[in-house]
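Welcome! Here are some short exercises, each with a worked solution to follow at your own pace.

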Amino acid sequence: MMLQQISFVSLISFTLLFIHVGSTQPPFSCDSSDPSTKNYPFCQTTLPISQRARDLVSRLTLDEKISQLVNSAPAIPRLGIPAYEWWSEALHGVANVGPGIKFDGTIKAATSFPQVILTAASFDAYQWYRIGQVIGREARALYNAGQANGMTFWAPNINIFRDPRWGRGQETPGEDPLVTGKYAVSYVRGVQGDTFQGGKLKGHLQASACCKHFTAYDLDNWKGMNRFVFDARVTVQDLADTYQPPFQSCVRDGRASGIMCAYNRVNGVPSCADSNLLSKTARGEWDFKGYITSDCDAVSIIHNDQGYAKSPEDAVVDVLRAGMDVNCGSYLQKYTKSAVLQKKLPESEIDRALHNLFAVRMRLGLFDGNPVQHPFGNIGTDQVCFPEHQVLALEAARNGIVLLKNDAKLLPLPKATMSLAVIGPNANSAQTLLGNYAGPPCKSVTPLQALQSYVKNTVFHPGCDTVSCSTGAIDTAVDIAKHADYVVLMMGLDQSQEREELDRVDLLLPGRQQELITSVAKAAKRPVVLVLLSGGPIDVSFAKDDPRIGGIFWAGYPGQGGGIALSEIIFGDHNPGNKPLTMFKEKVFPFYLCKRTDTVYC
């Protein structure tokens, strides 16, 4: 164990030698070398941010104001204001999913933690906070290196994973509102630079976190119904007991500086046009101080898909009056001016939104001159993929993996194992370990590679063509299993089965996976070990009741350290954890969860 740890850290250190070379200038406003900035109150750091934001907005023309209402806000050269990108992602590590982050400079990768559903399985709030700290620190390092055009990150996803078929459940902390709320608070405090206990955040934000998707969202694309037109019918009690508590905790206790409103309607009203949600609840009752963004193109669908607004200008008026500030997309850029000219929208509503937007950019220190001279300005490229960060990613994977079955004390496998068969479509895929919304990881070790470090005589066969397992070489896999001392099956799902815009229709293993598992188990010398990679639950009751399947693990999508963590647990160098979601049986779960219809939310 100790030798493996030393070897792991040494490999990380070697990786750093070619990931980090230098840095370039990050974008910022109020350059002290420019004499004109001294005349702008919005550049005077001694003034309150609210006053500075008001001064800046007062200097903008109507066209300049409107240009700033979208995620890709252009520069305003006459005031020395650079372009800004509101859309960046950092769900479980800084990612290049949105346009705000680029890994095309001196920094080529970032620490990739387990997908959130697995991280939550540790039930360790301090670990969640430490992960947030690392993400915030690496995000700031990317900005300092000139590889980030914004410091607003659209995470965490704190929707409740109520329906186990939801393709994005993997992004959430699970089905429990209390756990989800605690995760939100820990993550946000870590990312933004607060202490674990909270309340100590003074001055600048390290990075900005955003609670999403507000609210009652857990359907993407299910049997012809999509998230763009879905109307979630939720009782007042269910909203208060289930869907709102995580957002309340994220805002009130975590002090998140961003909220994203969802695509779906809630009881007939689009989330981004609901003043009760955005203004009365979030800003009024929870004292939210920050910006509110739409999900991408969520404003356009209010008119184009939902038919809630009669015209594009009406959609613009609805969202701005409700309290939304920035549109991910171009709809506000196209139709806000015509809404003003038609006298449907007062310019004061635009000013209100811009006050919130520029205040957050100022809290990030982006209007204080050269950031090198200010807090977080000394976070260099060497802090990305830092050895301690990668050890934390490995630790999170270790603590999240769940043991579901261990009959006859099969596990851990003996380290003196002479031969091992590793079978399954997920055994040799580094990409599957990451889940969705992931950036390039600092390093990749597949489960197969990690198991080979324990047993030199390891034979691998995928068993299926892909995870969908429409065709397979089951006979070959069976023959390999017959000749091995022990067999580990690496099965489950990947992003071809569950992801954003793709919900599952059942809880079963895809294609011929179950046939492969039972055939191999029947042929093996000893009971086999089954490892499931997935975000959502899978009905493996057949394996639970099969004495030839001695051990079952659920490993989520365990991130860059997942392969090593799995091998350590299988061979007894680390103990597994508990699970954050219920493992339903396919024929049982509809009794616990009502079935979705065209308009009714379960």
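**Exercise 1: Lys344 and Asp314**

Asp314 has 21% relative accessibility, so Asp314 counts as partly exposed (buried is under 20% relative accessible area, exposed over 50%, partly exposed in between, with a 1.4 Å probe and protein chains only). Before going on, note that this is a predicted model, where local features need pLDDT of at least 70 and side-chain atom pairs count only at pLDDT 80 or more, while totals for chains, interfaces and linings use all residues. Residues are numbered from 1 along each chain as its sequence is written, and side-chain values use heavy atoms, leaving out hydrogens and water.

Task: find which residue forms a salt bridge with Asp314.

Step 1. Recall the rule: a side-chain nitrogen of Lys or Arg lies within 4 Å of a carboxyl oxygen of Asp or Glu.
Step 2. Lys344 fits, with the closest N and O atoms 3.0 Å apart.
Step 3. Lys344 is partly exposed because its relative accessibility is 29%.

**Exercise 2: Glu568 and Arg398**

Task: decide whether Glu568 is buried or exposed, and do likewise for Arg398.

Step 1. The two side chains meet in a salt bridge, at 2.6 Å from N to O.
Step 2. Glu568 has a relative accessible area of 3%, so Glu568 is buried.
Step 3. Arg398, at 9% relative accessibility, is buried.

**Exercise 3: Arg168 and Glu500**

Task: state how far apart the closest N and O atoms of Arg168 and Glu500 are.

Step 1. In this salt bridge, they are 3.2 Å apart.
Step 2. Arg168 and Glu500 are both buried.
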